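User: I am new to this structure and would like to go through it step by step. Could you take my questions one at a time?

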Amino acid sequence: LVLAMAQAHRTWQWLGRETEVARQVVVVLPSIAWPLYRERRMEVLGEILEPIAPLIMHLEQRILTLRKEGDVTTELPYLGPAAQAFVFWAETTKDVGLAMDRAERAYALCPTLRNARIVLSHLLCDRADRTLAQSALWPSHPPKSDVVRASEIFPELARLPGLLKRVGVEP
C-alpha cells in the first residue's frame, strides 16, 4: 500500500500536479485507511499517508482558493474525503501541535464532517486538560476558550460537561 501511494505521488508529479489524481487519491483513501484505523495500526496508516501528503495539501489549497473566489462547486464531492484525509493524518502523529494543525485543517475544509468535529473537539479538550493540570494559576493557553470552542464544534462530546464546569462555564 505504501508503494501504491508512492506511485500515486509520482504519477501526480509526472502529470504536472494534476488535481484529478489528488481527487482520486482522497476518494480511494478511506477504503484503505479505515481498516487500519479500526485495527489501531496508526504507524502503518502514517506510512501510507506520508507519500500522498503533498496531494492532500494540493487539493486543500485548491479548495480554499476556490472558496475565496466564491465557487467551490467543482470540488464539493471532495470536501469530505479531503477533510477525512486530514483527520486520518491528525490521528497518526504523536506531536500534539501537528495533530491540532491537521484537525483544524480538516475542520476548515469541511466543518460538517463529523469525524473532523469529533477529533478537533477531543484535541481541544485534551489541551485544556493538560493546561489545567499544569497550572490553574498561570495557564500557558486559556483552557476556557478551548473547552467553549469544543462545545460549539461538537456539543455531544461526553467529556464536555465536566470540563465546562472545571473552567467555570455552565453546560
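The questions and answers below go from the overall fold to the charged pairs and the cysteines.

User: Which kinds of elements does the chain have, and in what order do they run?
Analyst: The model is a predicted one, and its chain has zero strands beside eight helices. Read from the N terminus on, the elements therefore follow the order given by DSSP runs, and that order is α-α-α-α-α-α-α-α.

User: What box do the C-alpha atoms of the chain fill, and how much of the chain counts as buried?
Analyst: Taken along the principal axes, the box filled by the C-alpha atoms is roughly 55 × 40 × 25 Å. The chain has 171 residues, and the share of them that counts as buried is 45%.

User: What share of the contacts with a separation of 6 or more comes from residues 24 or more positions apart?
Analyst: The contacts in question are those in the chain with a separation of 6 or more, and the residues asked about lie 24 or more positions apart. Their share of these contacts is 60%.

User: How much of the accessible surface of the chain belongs to carbon and sulfur atoms?
Analyst: The accessible surface of the chain comes to about 9200 Å². Of this surface, the part that belongs to carbon and sulfur atoms is 57%.

User: How far apart are the mean positions of the positive and negative charges?
Analyst: The chain carries 21 positive and 20 negative charges, and a mean position can be taken for each of the two sets. The distance between these two mean positions is 2 Å.

User: How many salt bridges does a search of the whole structure find?
Analyst: Side chains of opposite charge can pair when their charged atoms come close. Searched as a whole, the structure gives a count of salt bridges that stands at 11.

User: Where do the partners Glu75 and Arg62 lie, and is Glu75 buried or exposed?
Analyst: The side chains of Glu75 and Arg62 meet in a salt bridge, with 2.6 Å from N to O. This pair links distant parts of the chain, 13 residues apart, with Arg62 in helix H3 and Glu75 in the loop between helix H3 (42-69) and helix H4 (76-91). Arg62 is partly exposed at a relative accessible area of 29%. The relative accessibility of Glu75 is 0%, which is under 20%, so Glu75 counts as buried.

User: Which helices hold Arg149 and Glu104?
Analyst: Arg149 and Glu104 form a salt bridge through their side chains, at 2.6 Å from N to O. The pair ties together parts that are 45 residues apart in sequence, because Arg149 lies in helix H7 (residues 143-153) and Glu104 in helix H5 (residues 96-109). Arg149 is partly exposed at 28%, and Glu104 is partly exposed at 24%. The helices asked for are H7 for Arg149 and H5 for Glu104.

User: How many residues apart in sequence are the parts tied together by Asp129 and Arg159?
Analyst: Asp129 and Arg159 form a salt bridge whose closest N and O atoms are 2.9 Å apart. Asp129 lies in helix H6 (residues 114-134), whereas Arg159 lies in the loop between H7 and helix H8 (160-166), so the parts tied together are 30 residues apart.

User: Which residues are joined into one network with Arg62 and Glu75?
Analyst: Salt bridges that share partners join these two residues with others into one network. The others are Glu20 and Arg23.

User: How many disulfides are there, and are Cys110 and Cys125 buried or exposed?
Analyst: Counting cysteine sulfur pairs within 2.5 Å gives zero disulfides. Cys110 has a relative accessibility of 10%, and Cys125 has one of 0%. Both values are under 20%, so Cys110 and Cys125 count as buried.

Notes
Residues numbered from 1 in each chain as written. Predicted model: local features only at pLDDT ≥ 70, side-chain atom pairs only at ≥ 80, totals over all residues. Heavy atoms only, no water. Helix = DSSP H or I, 4+ residues; strand = E, 2+ residues; numbered from the N terminus. Buried < 20%, exposed > 50% of the residue type's maximum accessible area, 1.4 Å probe, protein only. Contact = heavy atoms within 4.5 Å. Areas by Shrake-Rupley, 256 points an atom, 1.4 Å probe, with all protein chains shown as cover. Lys, Arg positive; Asp, Glu negative; His and termini not counted. Charge placed at Lys NZ, Arg CZ, Asp CG, Glu CD. Salt bridge = Lys/Arg side-chain N within 4 Å of Asp/Glu carboxyl O.
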